[in-house]
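Please open the structure in your viewer and keep the sequence panel visible. The tour below proceeds by selections, one stop at a time.

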Amino acid sequence: MKDPVCGMSGVEKSAVATMEWEGVQYGFCSQHCYNVFSKQPEKYARKDKEHSTHHKHDDHAHGHKGCC
Ligand SMILES: [Zn+2]
């Protein structure tokens with residue numbers, strides 16, 4: 001689990017707060033990060049999604065090689 005606000009990973013061990021948003025569970029390293037996310041969950045959750053989509057796209061580009 002990753003803190004979407006500050007980007008700290010492994011927060012499930014030391015999470016001060018957790019929140020489920022759009023079916024995804026998020027953990028927060030501090031009350032501050034939780035407050036920031038709860039004010040604008042879209043902003044931070046979307047940022048996280050864009051990041052993972054980028055990785056998937058890279059994988060796809062490699063697999064696509066040789067097809068055409
Ligand atoms: Zn944090």
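How many helices and how many strands are there in the chain? This is a predicted model, and its chain holds two helices and two strands. Colour the chain from the N terminus onward, and the elements appear in the order β-β-α-α.

Next, select the whole chain. It has 68 residues, of which 19% count as buried. Consider also the contacts between residues at least 6 apart in sequence: 30% of these join residues at least 24 apart.

Now select M1, in the segment that precedes β1 (17-21). Is M1 buried, exposed or partly exposed? M1 counts as partly exposed because 16 C-beta neighbours lie inside 10 Å, whereas a buried residue would need 20 or more.

Keep M1 selected and add E12. The two residues are eleven places apart in sequence, and their C-alpha atoms are 5.7 Å apart in space. To complete this stop, display the residues that M1 touches, leaving aside those up to four places away in sequence: V11, E12, Q25 and G27.

The final stop is helix α1, residues 31-39. Which residues of this helix are buried? Select C33, Y34 and F37, which are the buried ones. These three lie on the same side of α1, because they cover an arc of only 100 degrees around the axis. Then turn to the other side of α1 and select Q31, H32, N35 and K39, which are exposed there.

Notes:
Residues numbered from 1 in each chain as written. Predicted model: local features only at pLDDT ≥ 70, side-chain atom pairs only at ≥ 80, totals over all residues. Helix = DSSP H or I, 4+ residues; strand = E, 2+ residues; numbered from the N terminus. Buried ≥ 20, exposed ≤ 12 C-beta atoms within 10 Å, placed from the backbone. Contact = placed C-beta atoms within 7 Å. Arc of directions from axis to C-beta.
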